[in-house]
Amino acid sequence: MKLIFIHGHIPQGYEALELKKRWTDALKIGLSRSGLSLPLDKNDIIFSYYGQELGALATSANWALEQTVKESNISLRTETRIIHDFLLEVARNAGLDIELIASRNEIPLIHRSYLNWTWVRLLLETLDKHAVWSQLSIRRMTYEIYCYLSNPVFRDAVHDVVLNQMDREPAVIVSHGLGSIVAYHALLKNPQLHISRHFSLGNPMGLQAVSAYSEPIRFASSLKGDWINYYDHRDPIALNEISGADRQTESQICNHGGTYTRTENHHDVGGYLKNQLIAGEIYDALTHSTPHSSSNHIQHLKFWAIIS
């Protein structure tokens, strides 16, 4: 059986093996707090790395964001609104006073538009100064989410890498950040998969700017059990619940908001995986054949983790 990591946004310079170790070690720490160990052999852990696709975006993220917004002034491309709305929502979640920011920079309401690069750039720069992102770049994350949601060629390229690591054996998915969006869309399009439970951590699909491109949120037929969504109340990328249910089964989205991360950057997936409660829930999913099975009916499952 296998544990498969599939990342979302990653700091520049990190390679697959390094990330695989980082995520595995974080989960082990979370498990150790309950006296548990990872119920998988290290040779059964696979890291599905699409860093090359993200790397191509990273080299031009600053320039591309500016050009995308400025060109939308001419073409009036409505999907460019994702950039502005994502930044605005994250800024509000981070506790920034939008009215104060605008007044100090003399930007009237009529000019606070997704078509105005001066305003969008101000949101970017303010978030960079205010939030503790560690090695996370809000510019790169914004551009990655924009490209994934608006560019079907890029989205399909990401899906190809992710799905090449999957087969039809039972699996548990743990997704983080952009990886939660990737997981959601990949599972919808691949009913042949058999996912017993899906854990999403720091999931931005609760943001209106993102959910507008995923609505109505529905269950993939490949997801056989519940979708468990954990979000830290101090994580501005994932401050909101996600909603949806499968009317044909008992599956549902279970939202759990709380204080889960001890890291300075509360969106850091390591903070989520080191949490005793979250790690324990993942362990239970890995060691039981179905989410609702009894403890005497255990099956060693694959573990698919989508991370950022």
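Here are a few notes on this predicted model, centred on one helix, the nonpolar core and an arginine in a loop.

1. Some ground rules. Residues are numbered from 1 along each chain as its sequence is written, and side-chain values use heavy atoms, with hydrogens and water left out. As the model is predicted, local features need pLDDT of at least 70 and side-chain atom pairs count only at pLDDT 80 or more, while totals for chains, interfaces and linings use all residues.

2. Start with helix α7, residues 138-150 (helices are DSSP runs of H or I, at least four residues, numbered from the N terminus). Its 13 residues reach 18 Å from first C-alpha to last, close to the 18 Å expected (1.5 Å times one less than the number of residues).

3. How much of α7 is covered? Mostly covered is the verdict, with 12 of its 13 residues buried (under 20% relative accessible area, 1.4 Å probe, protein chains only). Among them are Ile138, Arg140, Glu144 and Leu149.

4. Now the largest nonpolar core, which has 94 residues (buried Ala, Val, Leu, Ile, Met, Phe, Trp, Tyr and Cys joined through side-chain atoms within 4.5 Å). Helix α7 gives this core its largest share, 8 residues.

5. Leu273 is one of the residues with the most contacts inside that core. Beyond four places in sequence, Leu273 is in contact (heavy atoms within 4.5 Å) with residues including Trp23, Leu27, Val174 and Ile282.

6. Finally, look at Arg218, in the loop between α10 (208-211) and β5 (227-232) (strands are DSSP runs of E, at least two residues). Arg218 is partly exposed at 47% relative accessible area (the class between 20% and 50%). Setting aside residues up to four places away, Arg218 touches Tyr184 and Leu188.
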